[in-house]
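Please walk me through this structure in the viewer, one selection at a time. For each stop, say what to select and what is there.

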Amino acid sequence: MKTTDRQGSVWEWRTRKDTGPLPSALKLVIALVLTFGASAHTIGPASATNAAENGAAGGIVHGVHLRPTYHYGQELAAFNSLVAKKAGIIMYFTPWAEFDSFLVDRLREELPATDMPVIVLTWEPLPSSTGCNLAYGGVGPLRAIAQGNCDSYIRGFARAIGARQERFILRFAHEMNIADMPWWPGHYGSDPGQYVAAYRRIRGLFQSEAVTNVEWAWSPNYASHPYDSTTYAWNDVINYYPGDAYVDWVGLSGYNWGDPWRTFAEVYDEVLRDFTCRYAKPQLLLEVGSVEGPGGLQTKANWMIDMYESLPQYPFVRGVVWFNDYASATRGQADFRITTSTADFGSVQPLSSWTSTYRTLVSNETYVDTLPSVSEVTPPGTVCVLADQLQVEPRLVLIEPGEAAHFTVSGVALVDELSVAVQGIGLQSLELTPSSLTLMPPWDTGGITVQSYPSTQLGTYDFLVMANGLSVPFSVRVVRDVTSVFLPIVLLGSRSP
């Protein structure tokens with residue numbers, strides 16, 4: 001939770017932008033699986049390549065932040081009942097102190113085993129914490145952690161959480177790129193490198209303790225603050241990225257505080273596009289919410305409708321956590337709630353039209369209640385522009401009469417199967433198989449074969465792969481002797497005057 005995004009985005013975007021409008025369909029979005037062999041990343045418990053081989057799961061998991069209460073499991077069960085779907089993720093904040101199992105125990109004891117969510121622990125290294133050196137030696141928490149001052153504490157925390165049977169996502173020092181956070185390196189004359197070093201050190205200590213039930217979220221604010229291209233260029237969020245080998249999930253935070261009113265797209269669109277182009281990582285919106293606007297109760301409901309109908313446009317988003325509380329858990333602050341809580345009124349009750357609107361939105365089959373494994377939802381590659389949402393490789397094959405040409409079609413379907421049609425243009429003396437493909441969510445590949453015959457006439461034969469209004473051409477060129485066809489050599493890096 002924070003207040004920086006009240007100021008509006010100060011981001012300097014570095015992504016190629018699509019010039020056309022995004023499609024608005026809720027159920028199906030296709031996205032490019034680029035040339036994924038460019039670089040291989042080892043991610044979490046499995047690699048990106050394995051994700052495609054394993055037949056990954058689609059959909060967006062709905063989750064919630066609930067203020068901790070004594071009967072936390074009952075709190076979540078009541079929320080699930082009101083929205084008529086179990087939350088697949090629950091997020092709460094935990095101090096830089098010894099691991100406290102109380103809330104996890106309440107979830108385990110008070111929920112049916114089938115309703116147990118993935119637990120996102122937002123782990124806050126506050127300067128007044130008791131986890132290690134209280135003042136962090138005057139150098140700030142990130143530098144102290146990176147220097148090893150907190151190793152003993154971190155190892156103990158790792159052993160305690162590793163002994164649990166639950167699945168955790170650890171969200172260390174969230175929103176590290178805004179000055180609202182006590183661990184922001186600018187408070188200590190430091191830089192993002194200290195965050196990266198601390199993050200890597202912590203993950204390394206967990207690995208050395210053989211912890212297998214924890215995944216790792218890099219979770220910045222959607223817009224760095226302060227940020228400009230001169231004085232605060234160092235605070236660009238991308239400078240805080242720990243590296244592909246250390247990150248399982250990319251998390252984001254962003255709210256509509258209402259002053260000024262900001263739509264979901266105004267908060268999230270550019271950063272989601274940028275991160276989708278930068279990082280082949282599944283994305284989670286780990287803090288999201290809106291206040292009520294001056295137009296009355298329906299303005300917040302309309303904001304929710306816009307968000308949940310827009311999310312499937314972003315192919316890497318795999319979860320969204322609604323912040324179901326007041327800002328800073330303080331009555332009178334910005335109210336992001338969609339239900340009440342026992343902390344407020346002693347029971348969990350509906351609120352205005354917000355509860356029913358949320359229930360209707362997450363009832364759509366796009367929104368699911370179980371978070372797949374990291375390997376199932378790690379993208380095989382990045383997606384930069386919508387124009388690249390369907391891929392055929394290679395685009396041209398040379399063959400002799402009687403030979404066959406083979407092509408691979410790649411695409412992503414978020415929820416539904418993706419139907420792909422293949423069409424030959426002016427097809428003569430060639431056999432195309434198959435004429436249609438079905439690609440499974442969330443990403444899949446299929447093969448196409450074009451068979452020529454000894455009687456096939458020489459020349460170029462053009463084809464189209466089509467899905468959801470997109471079409472990608474590819475060609476077969478039949479020549480007398482492939483070895484006699486020469487392509488020009490292009491020398492890169494110099495040009496004659």
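The tour below goes through a helix, some aromatic rings, salt bridges and a few backbone features. Keep in mind that this is a predicted model.

**Stop 1: helix α10**

Select residues 354–362, which form helix α10. Its buried residues are Trp354, Thr355, Thr357, Tyr358, Leu361 and Val362. These cover an arc of only 165° around the axis, so they lie on the same side of α10. Now add the elements that cover them: among these are β4 (60–65), α2 (72–83), α8 (298–310), β11 (317–323) and β12 (367–368). Then show Lys300 together with Trp354: the charged end of Lys300 sits over the ring of Trp354, 3.9 Å from its centre.

**Stop 2: aromatic pairs**

Show the aromatic side chains; the count comes to 39 aromatic pairs. One of them is Tyr232 with Trp234, a tilted pair with 6.2 Å centre to centre and 50° between the planes. Tyr232 is partly exposed, at a relative accessible area of 29%, and Trp234 is partly exposed at 26%.

Move to Tyr241 and Tyr279, which form a stacked pair, 4.0 Å centre to centre with 25° between the planes. Tyr241 lies in the loop between β8 (214–218) and β9 (249–256), and Tyr279 in the loop between α7 (264–278) and β10 (283–290), so the pair ties together parts that are 38 residues apart in sequence. Both Tyr241 and Tyr279 are buried.

For a group of rings, select Trp96, Phe99, Trp123, Tyr153, Phe157, Phe168, Phe172, Tyr195, Tyr199, Phe206, Trp216 and Tyr240; ring pairs link them into a cluster.

**Stop 3: helix α3**

Select residues 102–110, helix α3, and show Arg106 and Glu109, which both lie in this helix. Their side chains meet in a salt bridge, at 2.3 Å from N to O. What separates the two along the helix? They are three residues apart, about one turn. An α-helix has 3.6 residues a turn, so residues three or four places apart point the same way. Arg106 counts as buried at 13% relative accessibility, whereas Glu109 counts as exposed at 54%. Add Phe102 as well: Arg106 lies over the face of Phe102, at 4.7 Å from the ring centre.

**Stop 4: salt bridges between distant parts**

The whole structure has 18 salt bridges. Select Arg201 and Asp151, a salt bridge in which the closest N and O atoms are 2.8 Å apart. This pair links distant parts of the chain, with Arg201 in helix α6 (residues 192–208) and Asp151 in helix α5 (residues 151–162), 50 residues apart. Arg201 is partly exposed, with a relative accessible area of 30%, while Asp151 is buried at 17%.

Next show Glu209 and Arg155, whose closest N and O atoms are also 2.8 Å apart in a salt bridge. Here Glu209 is in the loop between α6 and β8 and Arg155 is in helix α5, 54 residues apart. Glu209 is partly exposed at 23%, and Arg155 is partly exposed at 29%. Then select Arg67, Asp325, Arg331, Asp335, Arg337 and Asp344, which are joined into one network by salt bridges that share partners.

**Stop 5: the backbone**

Switch to the backbone. Which peptide bond leads into Pro226? The bond from His225 to Pro226 is cis, with omega near 0°, and Pro226 is found in the loop between β8 and β9. Another cis peptide bond joins Asp259 and Pro260, with omega about 5°; Pro260 lies in the loop between β9 and α7.

Finish at Ser328, which has a positive phi of about 55° although it is not a glycine. Ser328 is in the loop between β11 and α9 (342–345) and is exposed, with a relative accessible area of 54%.

Notes
Residues are numbered from 1 along each chain as its sequence is written. This is a predicted model: local features need pLDDT of at least 70, side-chain atom pairs count only at pLDDT 80 or more; totals for chains, interfaces and linings use all residues. Side-chain values use heavy atoms; hydrogens and water are left out. Buried means under 20% relative accessible area, exposed over 50%, partly exposed in between (1.4 Å probe, protein chains only). Helices (H or I, at least four residues) and strands (E, at least two) are DSSP runs, numbered from the N terminus. The arc is that of the directions from the helix axis to the C-beta atoms. Contact means heavy atoms within 4.5 Å. Rings of Phe, Tyr and Trp (its six-membered ring) pair if their centres lie within 6.5 Å; planes under 30 degrees apart count as stacked, over 60 as edge-to-face and the rest as tilted. A charge sits over a ring if NZ of Lys or CZ of Arg is within 6 Å of the ring centre and within 35 degrees of the ring normal. A salt bridge is a side-chain nitrogen of Lys or Arg within 4 Å of a carboxyl oxygen of Asp or Glu.
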